[in-house]
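Thank you all for making the time today. I would like to walk you through one structure, a part at a time, and I ask you to keep it in view while I talk.

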Amino acid sequence: MIPSIEWLDDPEIFSQGTVPAHSDHHYYKTAQEVQQGNSFEQSLNGTWQFHFAPTPQVRLTDFFDSQFDPTQMDEIQVPQHIELAGYAQIKYINTLYPWEGKEYRRPVGTESYSPENSSPFATGEMNCVGQYRKQFDLDQSLQGQRIKVRFDGVQTAMYVWVNGHFVGYSEDSFTPAEFDITQWVQAQHNVIAVEVFKYSTASYLEDQDFFRFFGIFRDVTLLAEPAVHLADLSLVPTVSDDFTQGDLAIQMKLTGESAQLRTSTIRVTIADSANNQLLMQTMAAEERTTPEPLHFDEVTLWSNQHPTLYHFQAEIIDATGSVIEVIPYQFGFRKIEIKNNVVILNGQRLIISGVNRHEWNCQTGRVISEQDMRADLKTFDELNINAVRTCHYPDQDLWYDLCDQHGTYVMAENNLETHGSWQKMGAVEPSYNVPGSVPEWRGAVMARAQNNYEMLKNHASILFWSLGNESFAGENIAQMNAYYKTMDPNRLTHYEGVFRNPAYRDRISDVESRMYATPAEIAEYLENNPDKPYLNCEYMHSMGNSVGGMKSYDDLIQKYPSYQGGFIWDFVDQALLVKDEITGQQVMRYGGDFDDRHSDYEFSGDGLLFADRQPKPATQEVKYFYGKY
């Protein structure tokens, strides 16, 4: 495989050499390691050598070569945004694409596009590049096994080499990308090199309302796999109509040598929330292992009030009787459905008291820690928040584990927003909207749906799959909806943008959803033979002296059973804590404060909390009204 910089300009090339998307389960060598560390994993976080190129034309052409002299390179921490390391312009923008007014380009496949009049990403003057390089030895515990490298988050387009050999290419910034490097990695003196471009055609799909950072901003990990390995796990718990009994369907995909597979077995154990063993079953290991569904005569349901989780564990046992891999996972029994035009969870009307939440830390941007996540869930409790929409991309997978344990309802959103392709200067003008119905963009958005689903499919907390944010509507998003309904008929789908193109409303979204509809508009919809329940994906825009009208929305909850509540925009300000050049004091700075032009300025400050997590007065209103349910 030979890399090409022209991939940056081809929307149909978004993944080369990557491992297929799969569940986010962790696996261990022994049961003891589940609590004490994982000898199958080796972190590559830390100090990397680094070179910043302001344009593609001046990047280093051979930095990935094993014989390259890296003394001319700087150092950077991984994970970290390149801008926050001081190498590139910090820029906040809401709906416009960052290159508008500076470089003319249009999306491939639209009527406005032609190669002659559209500035390529591969040669454009605005497209900066980060080049990373790290030397490493394989830990002893990883040697002699199949080895993969996993990047949990890289924005926006990356090329990867190991020991001078090109490994692959990936976009979709917010879901993991894995590469099998077994044939190139050695026990010692390895060099991994990563080239990250800030912009590519993927940037059209990632027009989210946030600071436009780039670089390796989540963990990088080496993964070893034993001779027989559980590559994918699907757990589908279902509940009886009377909500007392449950069934668990299990599908396991195994990899390994066929001879080793034939002589291996799998032992599956299920325990309740108190770790009392409910059943144990041993079965032959096959490439696709699908035992008969397991039945439970009595189950305790998972909900916000009672987030009861059961414990699944699979052990792969080789021909000698030795356990070679242990896979734990927590799952929950719950049932979400629509009856009589009302969203029902476990037989009761579901009322969402939710927020939209960007991943954010005022010192590190979207590089966040477990401590940050746990602090946010603590604030959820304090403000009576029971639900979160992962605007507008998948979060770190740990967030979903914590929501499972905490009982937080999740609307799991795809990494998709194309706001600037259909709304210009506030007007709805979809002349070059993508993905729309443009064939060249279908593969990319379908891959994003698959990445989101496959990674997160086993989480009890996820009630809704959200197809993306503010991307208009067309055949491609309809195909995404169909994909989710095929793969997962036990959850609901959401997408508000179909309101802009109602010809697709019968094929997109199980719920009616619009941006910032007034209480009067919602009441009008609910009083005129509504065919879908109503859910506010964004409302009560929390900027300045706002969030003072929640009673009007609360009245809708009281009056209309088909009104399900909603998600406040948004949870926390996007602002950065920096040292003021004049006073030497630490100050919060928003869009436009970094000489970024064009910018949407203080529009980045629309959270219920300041960026340092201090509450705003608006939280009093939220705590009161959300505390009623």
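Before I begin with a helix, one term has to be settled: a residue is called buried when its relative accessible area is under 20%. Please also keep in mind that what you see is a predicted model.

With that in hand, let us look at helix H6, which runs over residues 475-487 and so has 13 residues by the way helices are assigned here. From its first C-alpha to its last, H6 reaches 18 Å, close to the 18 Å expected at 1.5 Å a residue. Which residues of H6 are buried? They are Glu 475, Asn 476, Ile 477, Ala 478, Met 480, Asn 481, Tyr 483 and Tyr 484. The cover over these buried residues includes helix H5 (442-456), together with strand S32 (462-466) and strand S33 (492-494).

I turn next to strand S27, residues 352-356, where five of the five residues are buried, and the strand is therefore described as mostly covered. Ile 352, Gly 354 and Asn 356 point one way from S27, while Ser 353 and Val 355 point the other way, and all of them are buried. S27 has a parallel pairing with strand S35 (residues 563-568) over four bridges, and there Gly 354 stands opposite Phe 567. S27 also pairs in the parallel sense with strand S28 (residues 387-389), over three bridges, with Val 355 opposite Val 388.

Two of those residues come back when we move to Met 411, which is found in strand S29 (residues 409-413). Is Met 411 buried or exposed? It is buried, with a relative accessible area of 0%. Not counting residues up to four places away in sequence, Met 411 touches Val 388, Arg 389, Thr 390, Phe 464, Ser 466, His 494, Leu 535 and Phe 567. For a sense of scale, the C-alpha atoms of Met 411 and Glu 286, which are 125 residues apart along the chain, are separated by 34 Å.

Elsewhere, three strands form an open antiparallel sheet in the order S24-S25-S26. Strand S24 (336-339) and strand S26 (348-349) stand at the edges with a single partner strand each, so one side of each is left without a neighbour in the sheet. Strand S25, residues 342-345, pairs with S26 over two bridges, and the bridge partner of Ile 344 in S26 is Arg 349.

Now to the second largest pocket, whose volume is about 1,200 Å³. Of the 46 residues that line this pocket, the closest to its centre are His 26, Tyr 28, Pro 328, Leu 398 and Asp 401. Several elements each supply at least two residues of the lining, among them helix H1 (33-36), strand S23 (323-331) and helix H3 (370-383). Which element gives the largest share of that lining? That is H4, with six residues. By type, the lining residues divide into 18 nonpolar, 16 polar and 12 charged.

Let me finish with Thr 619, which lies in helix H9 (residues 618-626). At 8% relative accessibility, Thr 619 counts as buried, and, leaving aside its neighbours within four places in sequence, Thr 619 is in contact with Leu 383, Leu 608 and Leu 609.

Definitions and conventions: Residues numbered from 1 in each chain as written. Predicted model: local features only at pLDDT ≥ 70, side-chain atom pairs only at ≥ 80, totals over all residues. Heavy atoms only, no water. Pairing = 2+ DSSP bridges. Expected span 1.5 Å × (residues − 1). Buried < 20%, exposed > 50% of the residue type's maximum accessible area, 1.4 Å probe, protein only. Contact = heavy atoms within 4.5 Å. 1 Å grid on protein atoms, 1.4 Å probe; cavity = no way out; pocket = protein on both sides within 12 Å on 5 of 7 lines; lining within 4 Å. Points joined across faces, edges and corners; volume = space filled by probe spheres on them. Nonpolar A, V, L, I, M, F, W, Y, C, P; charged D, E, K, R; others polar.
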